[in-house]
Amino acid sequence: MGKKYEVGEELSGKVTGIQPYGAFIALDDETQGLVHISEITYGFVRDINDYLTVGDEVQVKVLEVDEGAGKISLSIRALQEPPASMQKPGRPRKSLQDKVKEHDAEGFNSLKDKLTDWINRSGY
């Protein structure tokens, strides 16, 4: 890797290659990152070539830097405004991890309680 990149950094880069799973972006003469197909834009992307072409200049945001493996994960979508249909005013969107933590408070005990209730309802 050439320059050291930080998570959250917004950069300009050039599309150097396109694969079915994502697009490779040159950040400098020595460093490339990958924009996974899910990070191209909001919504479903069937073919990256419908959105990007080799040689395009794009704005990207650094999502993850793995210096050991020499990999940088990038996003174009993170710099776009979500479509109105995805925005829910008045209620911040919870991450998957936050949802898991909410339900983890109940844990397996809730299943145990429900099982007992189900058995009682069935008449056994």
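A hairpin of five residues links strand E2 to strand E3, and in this predicted model the two strands, of which E2 covers residues 22-26, run antiparallel and are joined by five bridges. Within this pairing, Gly 22 is placed opposite His 36 of E3.

Strand E3, which spans residues 32-36, shows an alternation of its side chains between two faces. Gly 33 and Val 35 point to one face and are buried, whereas Gln 32, Leu 34 and His 36 point to the other face and are not buried. Strand E3 also pairs with E5, in this case in the parallel sense and through two bridges, and here Leu 34 stands opposite Ser 73 of E5. Strand E5, made up of residues 71-75, is in turn paired with strand E4, residues 57-66, in an antiparallel arrangement that extends over five bridges. In E4, Val 62 is found across from Leu 74 of E5.

These pairings belong to a closed barrel of five strands, in which the order is E1-E2-E3-E5-E4 and the pairing is mixed. On average, neighbouring strands of this sheet are turned by 50° against each other when direction is ignored. In general, the strands of a sheet are paired through backbone hydrogen bonds, and this may occur in either the parallel or the antiparallel sense.

For the protein taken as a whole, the secondary structure consists of two helices and five strands, and when read along the sequence these elements follow the pattern β-β-β-β-β-α-α. Among the contacts with a separation of 6 or more, 56% are accounted for by residues that lie 24 or more positions apart. Of the 124 residues, 22% count as buried, while the protein exposes about 9,200 Å², of which carbon and sulfur atoms supply 51%.

Turning to the surface, a nonpolar patch is formed by Leu 111, Leu 115, Trp 118 and Ile 119, which together have about 390 Å² of accessible area. Trp 118 is located in helix H2, which comprises residues 107-122. The relative accessible area of Trp 118 is 45%, and Trp 118 is therefore classed as partly exposed, because this value falls between the limit of under 20% for buried residues and that of over 50% for exposed residues.

How values were computed
Residues numbered from 1 in each chain as written. Predicted model: local features only at pLDDT ≥ 70, side-chain atom pairs only at ≥ 80, totals over all residues. Heavy atoms only, no water. Patch = residues over 30% accessible without salt bridge, like charges linked within 9 Å, V, L, I, M, F, W, Y side chains within 5 Å. Areas by Shrake-Rupley, 256 points an atom, 1.4 Å probe, with all protein chains shown as cover. Salt bridge = Lys/Arg side-chain N within 4 Å of Asp/Glu carboxyl O. Helix = DSSP H or I, 4+ residues; strand = E, 2+ residues; numbered from the N terminus. Buried < 20%, exposed > 50% of the residue type's maximum accessible area, 1.4 Å probe, protein only. Pairing = 2+ DSSP bridges. Axes fitted to C-alpha atoms, helices over the stretch in contact; angles between N-to-C directions. Contact = heavy atoms within 4.5 Å.
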